[in-house]
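Visitor: I am new to this structure. Please take a close look at a single part of it and describe what surrounds that part.

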Amino acid sequence: MTPVLLFAAEQRSAQVTDWTDRIGWLVGLALFVALVYWLMREGWKWRGTLQSDLPELPTAPEEPGEAKLTMSGRYHGSTTAGQWLDRIVAHGLGTRSRVELTLTDAGLTVVRPGATDFFVPAERLREVRLDKGIAGKVLTEGGLLVVTWAHGDKLIDSGFRSDRAAEHNDWVDTLNQMIHKTEGAR
C-alpha cells in the first residue's frame with residue numbers, strides 16, 4: 001500500500017465533546033464556590049457572636065460644636081488595638097464604606113453611608129498615628145490614619161484613608177493635641 005492510502009485508512013474523526021461531563025464539572029465547581037462562600041459568611045457571623053459583649057456604639061450629640069477638621073475618604077475597618085489582623089465585626093465595625101469624619105471639641109463623628117454611624121467622645125480617644133495597614137488593607141507607609149479609642153473595656157483601632165492623603169498629618173497633630181489636653185484635664 002502506498003503511504004497516502006495508509007494515512008487515509010488510519011484517519012479518524014475528532015472525538016465528539018461530551019457535554020454531560022463538562023456540565024457536571026461546572027456544577028461541581030459552582031457548588032464548591034458556594035460552599036466556600038457559605039463557610040466564609042458563617043465565620044464572619046461567628047466572629048460577630050464572639051464579639052457580642054461589645055457595647056452599642058455611641059451616637060453623636062445633638063450639638064457637637066464647631067468642626068475643627070473634616071475629612072472624606074474610606075473607612076477600612078476596626079481591629080483590637082495593637083493587633084492589626086484581629087478585625088472587629090460587631091455592630092458593623094467590620095464593614096468597609098465611604099466615610100465623612102468630623103472632629104469637634106466633643107469628639108470624632110464617623111458618618112458612613114450604607115453602614116452604621118458612630119461617635120467617639122473626646123475623653124475616649126487614646127492615640128492617633130499613621131500606619132501602613134489594618135485587617136484586609138495594606139498601603140504604603142503612612143497611608144492609613146489609625147485612631148485608637150476606648151469602647152467599653154476594649155481598646156479599638158479604626159483605620160481611615162482620606163481622599164487627599166496630605167490631610168493625614170493635620171489630623172494626627174490636631175487629634176494628639178486634643179488627646180493630651182483631655183488627659184491633662186482628667
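Guide: Helices (H or I, at least four residues) and strands (E, at least two) are DSSP runs, numbered from the N terminus. In those terms, the protein chain has three helices and 10 strands. From the N terminus on, two helices are followed by the run of strands, and a helix ends the order: α-α-β-β-β-β-β-β-β-β-β-β-α. The model is predicted, so local features need pLDDT of at least 70 and side-chain atom pairs pLDDT 80 or more, while totals for chains, interfaces and linings use all residues. Residues are numbered from 1 along each chain as its sequence is written, and side-chain values use heavy atoms, without hydrogens or water.

The part chosen here is strand β10, together with the loop that joins β10 to α3. Strand β10 covers residues 154–162, and α3 covers 168–185.

The strand pairs with β9 and with β1 (pairing takes at least two DSSP bridges). β9 and β10 are antiparallel and share seven bridges. Within that pair, A150 stands opposite L155 of β10. The hairpin of β9 and β10 has two residues between the strands, and G152 there has a positive phi near 65°. β1 also runs antiparallel to β10, again with seven bridges. Here T80 has I156 of β10 as its bridge partner.

T79 also lies in β1. T79 is buried, at 1% relative accessible area (buried is under 20%, exposed over 50%, partly exposed in between, with a 1.4 Å probe and protein chains only). Leaving out residues up to four places away in sequence, T79 touches L155, I156 and D157, and also W84, D86, R87, I88, I134 and A135 (contact: heavy atoms within 4.5 Å). Of the 186 residues in the protein chain, 35% are buried.

The strand also takes part in the largest nonpolar core (buried Ala, Val, Leu, Ile, Met, Phe, Trp, Tyr and Cys joined through side-chain atoms within 4.5 Å). This core has 28 residues, and F160 and W171 have the most contacts inside it. β10 is among the elements that each supply at least two of its residues, as are β1, β3, β9 and α3. The most comes from α3, with five residues. Apart from neighbours within four places in sequence, F160 is in contact with M71, R74, Y75, V99, L101, V110, L144, L145, V147 and H168.

Charged residues come next. The structure holds seven salt bridges (a Lys or Arg side-chain nitrogen within 4 Å of an Asp or Glu carboxyl oxygen). D157 belongs to a network of them with E127, R129 and D131. Inside that network, R129 and D131 meet at 3.3 Å, N to O. D131 is partly exposed at 21% relative accessible area, and R129 is partly exposed at 22%.

In the loop after the strand, D163 forms a salt bridge with R98, with the closest N and O atoms 2.8 Å apart. Because D163 is in the loop between β10 and α3 and R98 is in strand β3, this pair ties together parts 65 residues apart in sequence. D163 is partly exposed at 42%, and R98 is partly exposed at 35%.

E167 sits in the loop between β10 and α3 too. E167 is buried, at 16% relative accessibility, whereas R164, its salt-bridge partner at 3.1 Å between the closest N and O atoms, is partly exposed at 47%. Beyond residues up to four places away in sequence, E167 touches T70, M71 and S162.
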